[in-house]
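Got your viewer ready? Keep the selection box handy and we'll hop from stop to stop.

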Amino acid sequence: VNAPDRRSYAILRETLGELGMPAYVIPGNHDGRAEMREAFGDWGYLPRDGEFLHYTIEEHPLRLIGLDSVIPGKEGGRMCADRLAWLAARLEEAPKQPTLIFMHHPPFETGIGFMDKYGFEGAGEMEAVVRGHPQVEWVLCGHMHRQIQMRWGGTVASTAPSITFQIMLDLARRSQGAFVMEPSACSIFSWTPDSGVKTYLSIIGDYGPHRSFA
């Protein structure tokens, strides 16, 4: 949501409910933790107490770990000592279980200067934790409103495109903040025991009927 009010979360909850599949939410820099707990607490996976909205999803072949990287009132992200300790403990619980970590802020520089300037506190420490756990097959992030992929922490890390506008692809170190109405998109992930995680870019929109090559 763009603002953590009840109406926005009610609309989001209704929309996600139409998917017909499990949906797992994590907080971003526009969210409110208390409001998210109120809106989605009955979905069964968000912690009922504590400061952070971390959790694990254990019922799928690919283990999912959702992380709370929010600094209230700030644009950038953080993995403090408490959050790092929680992540390390969860990874140590299942060292042979294929795992995907998802979080809002990317813990790495993306090359888009306007967004990188907000920073991510504890990025190096988090990378060391992930590098020590080879069962982590992917680290998926948001925040950037653009798809970016790179090697990080001994695995692959990426940011998802946006279902609204995209951030301008400006790789100048002192780029000015701008957005562009490029097509909306989302990341689709597939996991199999033989090949691990694969990702696909799905462009959202009506581009006409499918056409057979036959």
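Rings of Phe, Tyr and Trp (for Trp, the six-membered ring) pair if their centres lie within 6.5 Å; planes under 30 degrees apart count as stacked, over 60 as edge-to-face, and the rest as tilted. By that rule, the structure holds eight aromatic pairs. Some ground rules: this is a predicted model, where local features need pLDDT of at least 70 and side-chain atom pairs count only at pLDDT 80 or more, while totals for chains, interfaces and linings use all residues. Residues are numbered from 1 along each chain as its sequence is written, and side-chain values use heavy atoms, with hydrogens and water left out.

**Stop 1: rings**

Select tyrosine 9 and phenylalanine 40. Their rings pair edge-to-face, 6.2 Å centre to centre with 90 degrees between the planes. Tyrosine 9 belongs to helix 1 (residues 6-17) and phenylalanine 40 to helix 2 (residues 33-40), so to speak a link between distant parts of the chain, 31 residues apart. Helices here are DSSP runs (H or I, at least four residues), as are strands (E, at least two), numbered from the N terminus.

Keep phenylalanine 40 and add tryptophan 43. These ring centres are 5.0 Å apart and the planes sit at 75 degrees, so this pair is edge-to-face too. Which of the labels buried, partly exposed or exposed fits tryptophan 43? Tryptophan 43 is partly exposed, at 27% relative accessible area, while phenylalanine 40 is buried at 0%. (Buried means under 20% relative accessible area, exposed over 50%, partly exposed in between, with a 1.4 Å probe and protein chains only.)

Next, select Tyr24, Tyr45, Tyr55 and Phe102, which form one aromatic cluster.

**Stop 2: helix 1**

Show aspartate 5, which caps the N-terminal end of helix 1: one of its side-chain oxygens lies 3.3 Å from the backbone nitrogen of arginine 7. That fits the polar-contact rule (a pair of N or O atoms within 3.5 Å; within protein, one must be able to donate a hydrogen and the other to accept it, and residues adjacent in sequence count only if both atoms are side-chain atoms).

**Stop 3: helix 3**

Select residues 81-93 and look down the axis. Arg83, Leu84, Leu87, Ala88, Arg90 and Leu91 are buried. They fall within an arc of 165 degrees, so they line one face of the helix; the arc is taken from the directions from the helix axis to the C-beta atoms. Turned away from that buried side are the exposed Ala81, Asp82 and Glu92.

Zoom in on arginine 83, buried at 2% relative accessible area. Its side chain reaches the backbone oxygen of valine 70 at 3.0 Å. Leaving aside neighbours within four places in sequence, arginine 83 is in contact (heavy atoms within 4.5 Å) with residues including Arg33, Phe52, His54 and Asp68.

Then pick arginine 90: it lies over the face of tryptophan 86, 5.2 Å from the ring centre. The test is NZ of Lys or CZ of Arg within 6 Å of the ring centre and within 35 degrees of the ring normal.

**Stop 4: aspartate 116 and glycine 122**

Where is aspartate 116? Aspartate 116 is in helix 4 (residues 113-116), and it is buried at 16%. A polar atom of its side chain lies 2.8 Å from the backbone nitrogen of glycine 111.

Last, select glycine 122, in the loop between strand 5 (120-121) and helix 5 (123-131). Glycine 122 counts as buried, at 18% relative accessibility. Add methionine 79: the two are 43 residues apart in sequence and 5.0 Å apart in space, C-alpha to C-alpha.
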